[in-house]
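The following exercises are to be worked through with the sequence and the three-dimensional structure at hand. Each task is followed by a solution in steps.

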Amino acid sequence: MAADSSVRLVIHGASGRMGQSLLRLAGERPELTVVAAVSRRVESRAIDGIPQFAVTELGGLPPFDVAIDFSLPEGFDGILGACVERQAALVSGTTGLAPEQRQAIAVAATRIPVLWAANFSLGVAVLSDLVERAATALRGWDCDIVESHHVHKKDAPSGTALALGAAAERGGAQPRYASLRAGDIVGEHLVQFTTLGERIELVHRATNRDIFARGALHAASRLAGRAPGRYQLRDLLD
C-alpha cells in the first residue's frame, strides 16, 4: 500500500450511476484515496482533483492498491487484467458476465484478492449468512424468496434473490422465487421458511441506493493487501 497507509483506489466505470456515487461518497472514508477515475469517454483530465482516464488508457494508471469496477461486461476484462498486472485487489459489481469471464475471475484469484458480488449492501451480506444458517437448521421446511424492485428493472429473479437462493441451497433448502416490479422500489428481499403451524421471515429493505456504494467502498478498504483468493462481502464485515 501507499507509504501513508491510505488505500489507493481506482474507480472503473466512473461515469455511471454507481461510479458517480462512489466518487461522491469516497470522501467519507479517510483511509481511501481515489487516485484515478476510468470512464468510456473522458471530457476532462481532472475532476475535483481526481485524474480521469479512458478505458483504453489503463496502462497509464498511477500506482493503486484496489479497483472498484461497476462497468459493462465489455470493459471488465481490461480492469481485471490491469489488477493482475499491478498485483492490486479487485472489487466488482459488473453484471452480465459471460462464463469465460467468470472463469477468468477464478484464474485471477490465484494471484490477487477478488470480490465479485451481485449486491453490495452490508445488510444483504448478513442476510445471506442468516439464510444459510436457517436453511441448515430447518431441514424439510419450504423456502420461498420474494423480491420487489422498481418498474424499470428487467431481470427477474434479481441477482440478489438468486444469491440468497444459493445461500439457502448451501443449507440444504430448495428455494422458490417470486418477483414484483412496482413504482420506485429500490429493493426488497423476503426469504420465508414455512412448515405446518409456523413461519420464519427474514427481510431486507433498501431505501437508498447509496448503501451499495458505501458497501463497495467498505469492501475495497478491507480487501486491499489481503492474500490472493475469492472473497465474499460477508468475509469483510469486521
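Throughout, buried means under 20% relative accessible area, exposed means over 50%, and partly exposed lies in between (1.4 Å probe, protein chains only). The model is predicted: local features need pLDDT of at least 70 and side-chain atom pairs count only at pLDDT 80 or more, whereas totals for chains, interfaces and linings use all residues. Residues are numbered from 1 along each chain as its sequence is written, and side-chain values use heavy atoms, with hydrogens and water left out.

**Exercise 1. Tryptophan 141**

Task: Establish where tryptophan 141 lies, whether it counts as buried or exposed, and which residues it touches.

Solution.
Step 1. Tryptophan 141 is placed in the loop between helix 4 and strand 8; helices (H or I, at least four residues) and strands (E, at least two) are DSSP runs, numbered from the N terminus.
Step 2. Its relative accessibility is 18%, so tryptophan 141 counts as buried.
Step 3. Contact means heavy atoms within 4.5 Å. If residues up to four places away in sequence are not counted, tryptophan 141 touches Phe193, Thr194, Thr195, Glu198 and Ile200.
Step 4. Tryptophan 141 and threonine 194 are 53 residues apart along the chain, yet 5.5 Å separates their C-alpha atoms.

**Exercise 2. The protein chain as a whole**

Task: Describe the secondary structure, the compactness and the charges of the protein chain.

Solution.
Step 1. The chain contains six helices and twelve strands.
Step 2. Its radius of gyration is 19 Å, close to the 18 Å given by the globule rule for 238 residues, so the chain is as compact as a globular protein of that length. The radius is taken over C-alpha atoms, and the rule is 2.2 Å times the number of residues to the power 0.38.
Step 3. Along the principal axes, the C-alpha atoms fill a box of roughly 60 × 40 × 35 Å.
Step 4. Of the 238 residues, 48% count as buried. Among contacts between residues at least 6 apart in sequence, 67% join residues at least 24 apart.
Step 5. The mean positions of the 25 positive and 26 negative charges are 0 Å apart. Here Lys and Arg count as positive and Asp and Glu as negative, while His and the chain ends are not counted; each charge is placed at NZ of Lys, CZ of Arg, CG of Asp or CD of Glu.

**Exercise 3. Two alanines**

Task: Determine the burial class of alanine 26 and of alanine 118, and name their contacts.

Solution.
Step 1. Alanine 26 belongs to the loop between helix 1 (17–25) and strand 2 (32–39). With a relative accessible area of 6%, alanine 26 is buried.
Step 2. Not counting residues up to four places away in sequence, alanine 26 touches Val34 and Leu217.
Step 3. Alanine 118 belongs to the loop between strand 7 (113–116) and helix 4 (122–137). At 33% relative accessibility, alanine 118 counts as partly exposed.
Step 4. Leaving aside neighbours within four places in sequence, alanine 118 is in contact with Gly159 and Thr160.

**Exercise 4. Two aspartates and a threonine**

Task: Locate the polar contacts made by the side chains of aspartate 65 and threonine 110, and describe the setting of aspartate 210.

Solution.
Step 1. A polar contact is a pair of N or O atoms within 3.5 Å; within protein, one must be able to donate a hydrogen and the other to accept it, and residues adjacent in sequence count only if both atoms are side-chain atoms.
Step 2. Aspartate 65, in the loop between strand 4 (50–54) and strand 5 (66–69), is buried at 9% relative accessible area. Its side chain reaches the backbone nitrogen of arginine 8 at 2.7 Å.
Step 3. Threonine 110, in the loop between helix 3 (99–108) and strand 7, is exposed at 60%. A polar atom of its side chain lies 2.6 Å from the backbone oxygen of valine 107.
Step 4. Aspartate 210 lies in helix 6 (residues 210–223) and counts as buried at 13% relative accessibility. Its contacts, neighbours within four places in sequence aside, are Ser21, Arg24 and Leu25.

**Exercise 5. Backbone geometry**

Task: Find which residues a cis peptide bond joins, and state where glutamine 87 lies.

Solution.
Step 1. Alanine 156 and proline 157 are joined by a cis peptide bond, with omega about -5°. Proline 157 sits in the loop between strand 8 (142–149) and helix 5 (159–170).
Step 2. Glutamine 87 is in the loop between helix 2 (73–86) and strand 6 (89–92). Its phi is near 55°, a positive value in a residue other than glycine.
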